[in-house]
Each structure stands twice: as structure tokens, then as C-alpha cells.
Amino acid sequence: MIFATIDVGSNAIRLLLTDVRAADDDVVFERMTLLRIPIRLGEDAFSRGKISDDKAEMLIKTMCGFREIIDGFHVTDSMACATSALREAKNGPKIVKQIKKKTGIDLQIIDGKKEAKLIYANHIEKNFDPRYSYLYIDVGGGSTEITFVGNGERKSRSFNVGCIRLKEGFVRKDAWKEMDKWLKKTVRGDNIVGIGSGGNIRSLYLLSNKINHEPLEYDELKKLCGMLRNHTVEERITELGLKPDRADVIVPACCIYLHILKVCGVQTIHAPIIGLSDGMVHELYAKHKKKFLE
């Protein structure tokens, strides 16, 4: 089965095509194609409270293109979700209706709780040591989704602390306080390991030159942040090979990861290739598996 998922984020719009197939007693999720269009909806949403006509047009054109690709692959099912930027934009619902009318794509504006649930649907912690507790951290452009799995329970929250929001000076002090309070109350115990998701942590991981899926140590991440600060945005692009729309937000993103790890006393973080789009694939597969068993 081929599933198509679209993540309309605050920094970029992503289309992921995934081949899902049963193999013996396991299920294999194989990424086929990932397309990423950096529209930066968050720049409008967090400063103006609405999406500009230009960016709305770019988004609609992108969704039209994604529609053609999805049809070309004859997918089993598809799912499209929008996160922080369209959540806050006053004209978000209007844009969603325009997308539905022009493409037939049912774009859902999901809340932070749903976003955290979808990210956790990847269940990456199953590949690690069951004796540990795990802290999922997904730093996006407009928000950060956190899930703690430990002590026989799972708790999730979303906070308006994101790399674009931080870069532009739109993270409120009470947002930091709210996040810290929740972390200190929720993330308890020894042997806690971080699991980072999304493009920023993957870029940081690649810059660290780690091999064999080794985790990043807190001190290594802090050193990376310092190195990046000593490079201009242009140097991050030309010398370090970062994408232009990643180069200017990677330091704010790194600062958010470091802040959360420090508050929780977590010393290591894994950076598997997962994100919201992958979580949506798992949800689609679970839906179709349920239908098959009925």
C-alpha cells in the first residue's frame, strides 16, 4: 500500500509518499519520496495574525501540484494536516476551504494535542532499551510538541515555542514558564533519553558526524550550537551545506532543544528520521488494518 501525507507547517510544506508492506511478522514503512516547499507561513501568522495573499497563493499552488503527484501514484489513502501557522491565522479556515475547492484535498487544521499524538504514533521508543523512559521533542516553526513516555504512562503537550517564532521575537515569557512548569511536573525519574524529530534535529545530527545511530550528548549539542553561532547565515549555507530556510532557524531550534534537555536533566537525544508526516502514515495504516480485521 502507498500512503500520501501532507504536513503544512510554519516553515515548509511537505509531501511524503510511503510504501507500507507486511514482511513476516513485521510491517515495513519505506519512504519513497519526500518533497519539501519552504513557504514560511509562520512569518505571516505570527507577526500579522493572518496569511498574506501571496503566501496563500503559493500554498494553494503547492497543494495543486501535490494533488497531481498523489493521483499519479494511485495511493491507497492520503491525509493532510496543518499546524501552528494556520492554527493562529485568522484566515486559516478560509484558505482550507479554497484548497478543498481547487484540489479536493481535505486539509485538517489540527490542535497541538493531535499534533503530539501523531508524532508519537511513530513509536520509535520500541526500538530502544525498554528500561529507559523517553522524551519525544519536536521543535517546529511555531510550536514544540513534547511527549513523555515513562512510569507506565504517556503524557503530551504542545507549547507556542518554535524556531521561527523565537527568531522573530514572538515567544512570550509566559510560554517558556508554562513549558518549564509542565516539564518539571511531568518528566520524572532516572534513565531518561530524548528522541528528537523533524528537520532541525536531523540537520544538527548530520553536522555532528555521528555514525551507527549514536545519540547526541547534551554537551555535543551545546558545542554544535556555539559553532553555528560563530557562522553567519551565508556561511552556514555555503560552508556547512544547510538549506537557506534551515540556516537562519537552526540556532533558535537548537536553543529550544538544549533548553528542554537542561530543564529535564536529559543528557542524550536520538535523531531518527521521523516527523509529523511519518506519524500520519502510521495512523493511516492503523485505520486500514482495522478495516481489514473487521
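A residue is buried when its relative accessible area is under 20%, exposed when that area is over 50%, and partly exposed in between. By this standard Tyr285, at 16% relative accessibility, counts as buried. The model discussed here is predicted. The protein comprises 13 helices and eleven strands, and buried residues account for 52% of its 294 residues. The points below cover the overall form, the aromatic and cation-ring pairs, the salt bridges, and selected local sites.

**Overall form**

- For 294 residues, a compact globule would have a radius of gyration near 19 Å, and the protein agrees with this at 19 Å.
- Along the principal axes, the C-alpha atoms occupy a box of roughly 50 × 50 × 35 Å.
- Among contacts with a separation of 6 or more, 67% join residues 24 or more positions apart.
- The exposed area of the protein is about 14500 Å², of which carbon and sulfur atoms supply 49%.

**Aromatic pairs and a charge over a ring**

- The structure contains three aromatic pairs. One of them joins Phe29 and Tyr285: the ring centres are 5.7 Å apart and the planes stand at 85°, so the pair is edge-to-face. The reasoning rests on a cut-off, since planes over 60 degrees apart count as edge-to-face.
- Phe29 belongs to strand E3 (residues 26–37) and Tyr285 to helix H13 (residues 276–293), so this pair ties together parts that are 256 residues apart in sequence.
- The two partners differ in burial class: Phe29 is partly exposed, with a relative accessible area of 30%, whereas Tyr285 is buried at 16%.
- Arg165 places its charged end over the ring of Phe46, at 4.0 Å from the ring centre.

**Salt bridges**

- The structure holds 21 salt bridges.
- Arg21 and Glu30 form one of these, with the closest N and O atoms 2.9 Å apart. Arg21 is partly exposed, at a relative accessible area of 36%, and Glu30 is likewise partly exposed, at 37%.
- Glu43 and Lys55 form another salt bridge, the closest N and O atoms lying 3.7 Å apart. Glu43 is in helix H1 (residues 41–48) and Lys55 in helix H2 (residues 53–73), so the bridge ties together parts that are twelve residues apart in sequence.
- Within that bridge, Glu43 is partly exposed at 30% relative accessible area, while Lys55 counts as buried at 14%.
- Both Glu43 and Lys55 also belong to a network of salt bridges that links them with Arg40, Lys167, Glu168 and Asp248.
- Lys210 bridges to Glu220, with the closest N and O atoms 3.0 Å apart. Lys210 lies in the loop between helix H8 (199–207) and strand E10 (216–217), and Glu220 lies in helix H9 (residues 218–229), so the pair ties together parts that are ten residues apart in sequence.
- Lys210 is partly exposed, with a relative accessible area of 21%; Glu220 is also partly exposed, at 31%.

**Helix H8 and the residue after it**

- The buried residues in H8 include Asn200, Ile201, Ser203, Leu204, Tyr205 and Leu207.
- Asn209, which follows H8, has a positive phi, near 65°.

**Ser277 in helix H13**

- Ser277 is located in helix H13, the helix that also carries Tyr285.
- With a relative accessibility of 4%, Ser277 counts as buried.
- Apart from neighbours within four places in sequence, Ser277 is in contact with Thr5, Asp7, Arg14 and Leu16.

**Gln267 in the loop before strand E11**

- Gln267 lies in the loop between helix H12 (250–264) and strand E11 (268–270), and at 45% relative accessibility it counts as partly exposed.
- Beyond its neighbours within four places in sequence, Gln267 is in contact with Leu216, Glu217 and Tyr218.
- The C-alpha atoms of Gln267 and Val193 are 7.2 Å apart in space, although the two residues are 74 residues apart in sequence.

Note on methods: Residues numbered from 1 in each chain as written. Predicted model: local features only at pLDDT ≥ 70, side-chain atom pairs only at ≥ 80, totals over all residues. Heavy atoms only, no water. Phe/Tyr/Trp six-rings, centres within 6.5 Å; stacked < 30°, edge-to-face > 60°. Helix = DSSP H or I, 4+ residues; strand = E, 2+ residues; numbered from the N terminus. Buried < 20%, exposed > 50% of the residue type's maximum accessible area, 1.4 Å probe, protein only. Lys NZ or Arg CZ within 6 Å of the ring centre and 35° of its normal. Contact = heavy atoms within 4.5 Å. Rg over C-alpha atoms; globule rule 2.2 N^0.38 Å. Areas by Shrake-Rupley, 256 points an atom, 1.4 Å probe, with all protein chains shown as cover. Salt bridge = Lys/Arg side-chain N within 4 Å of Asp/Glu carboxyl O.
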